[in-house]
Amino acid sequence: MGQARKRPNLRRPPAAALAAANAEPPSFKGQKNIYVCQECCGHIVSVDLDEGVTPFMIGCEATLTCKGWMQSSFYRVFDQKMRASHEWYKPPEPEIAAMSVAMQDHVRKGGLVMRRATGASEATAVTSGRERTTPKESKTDG
Ligand SMILES: [Zn+2]
């Protein structure tokens, strides 16, 4: 008696999912990331404000004098509540026009640009030596 062997039903991921994985860059909008310097071991926390591509390696931003490279943690930030000291954003046109050709090319390809976090007014953690003393709140009743 010949046994008809049943082929194991291989579950294939839907074609749409594959296409998306290949074509579209993953969006990490709103996600935090940590960059760690290989030279000084300093680190920064960044957040993506817009959708776009962020580099895997960036010049050291943790120590002013450091010439090292910081490596991405690929958004493996367990505590997303962590305050970001830097942010990735999509620059507006006039800002792009003022950039270097290489940077313009990067942005046109969907790359984001990093700046020190501006949104978080309470970001006092990383101020690179320049300490800001915030005046104490004085409550006056009446
Ligand atoms: Zn460094």
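**Exercise 1. The core**

Which residues make up the largest nonpolar core? Find them in the model, which is a predicted one, and work out which strands supply them.

*Solution.*
- Step 1: Pick out the members. The largest nonpolar core has 10 residues: Tyr35, Cys37, Ile44, Val45, Val47, Cys60, Ala62, Met70, Ala84 and Ala117.
- Step 2: Match them to strands. Strand E1 (32–37) and strand E2 (43–48) each supply at least two residues of this core.
- Step 3: Look for the main contributor. With 3 residues, E2 gives the most to this core.

**Exercise 2. The fold and its sheet**

Trace the protein chain from start to end, then lay out the sheet and name its edges.

*Solution.*
- Step 1: Count the elements. The protein chain has 3 helices and 6 strands.
- Step 2: Put them in sequence order. The pattern along the protein chain reads α-β-β-β-β-β-α-α-β.
- Step 3: Now order the strands in space. An open sheet of 6 strands runs E3-E4-E1-E2-E5-E6, and its pairing is mixed.
- Step 4: Find the edges. Strand E3 (57–59) and strand E6 (113–116) are the edge strands, since each pairs on one side only.
- Step 5: Add the twist. On average, neighbouring strands of this sheet are turned by 35° against each other, direction ignored.
- Step 6: Zoom in on one edge. E3 and strand E4 (residues 69–72) run antiparallel and are joined by 3 bridges. In one of the pairings, Gly59 has Trp69 of E4 as its bridge partner.

**Exercise 3. Two core residues and their contacts**

Take Met70 and Ala84, both members of the largest nonpolar core, and list what each touches beyond its neighbours within four places in sequence.

*Solution.*
- Step 1: Start with Met70. The contacts of Met70 are Tyr35, Val36, Cys37, Met57, Ile58, Cys60 and Glu61.
- Step 2: Turn to Ala84, which sits in the loop between E4 and E5. Is Ala84 buried or exposed? Ala84 counts as buried because it has 25 C-beta neighbours inside 10 Å, and the cut-off for buried is 20 or more.
- Step 3: List the contacts of Ala84. They are Lys32, Val45, Ser46, Val47 and Ala117.
- Step 4: Check a separation in space. Ala84 and Asp48 are 36 residues apart in sequence, yet their C-alpha atoms are 9.6 Å apart.
- Step 5: Step back to the protein chain. Among contacts between residues at least 6 apart in sequence, 64% join residues at least 24 apart.

**Exercise 4. Positive phi and exposed places**

Compare the loop residues Cys41 and Phe74, then look at helix H3 and what follows it.

*Solution.*
- Step 1: Recall the usual case. Most residues other than glycine have a negative phi.
- Step 2: Place Cys41. Cys41 is in the loop between E1 and E2, and its phi is positive, near 65°.
- Step 3: Place Phe74. Phe74 belongs to the loop between E4 and strand E5 (86–89), and has a positive phi of about 55°.
- Step 4: Judge the exposure. Cys41 counts as exposed because it has 11 C-beta neighbours inside 10 Å. Phe74 has 10 such neighbours, so Phe74 counts as exposed too.
- Step 5: Move to helix H3 (residues 101–108). How many of its 8 residues are buried? The count is 0, and H3 is hardly covered.
- Step 6: Go just past H3. There Gly110 takes a positive phi of about 95°.
- Step 7: Finish with the protein chain. Buried residues make up 15% of its 142 residues.

Note on methods. Residues are numbered from 1 along each chain as its sequence is written. This is a predicted model: local features need pLDDT of at least 70, side-chain atom pairs count only at pLDDT 80 or more; totals for chains, interfaces and linings use all residues. Two strands pair if DSSP finds at least two bridges between them. Helices (H or I, at least four residues) and strands (E, at least two) are DSSP runs, numbered from the N terminus. Axes are lines fitted to C-alpha atoms, for helices over the stretch in contact, and angles run from 0 to 180 degrees between N-to-C directions. A nonpolar core is a set of buried Ala, Val, Leu, Ile, Met, Phe, Trp, Tyr and Cys residues joined through C-beta atoms within 7 Å. A residue is buried if 20 or more other C-beta atoms lie within 10 Å of its own, exposed if 12 or fewer, and partly exposed in between; C-beta atoms are placed from the backbone. Two residues are in contact if their C-beta atoms, placed from the backbone, lie within 7 Å.
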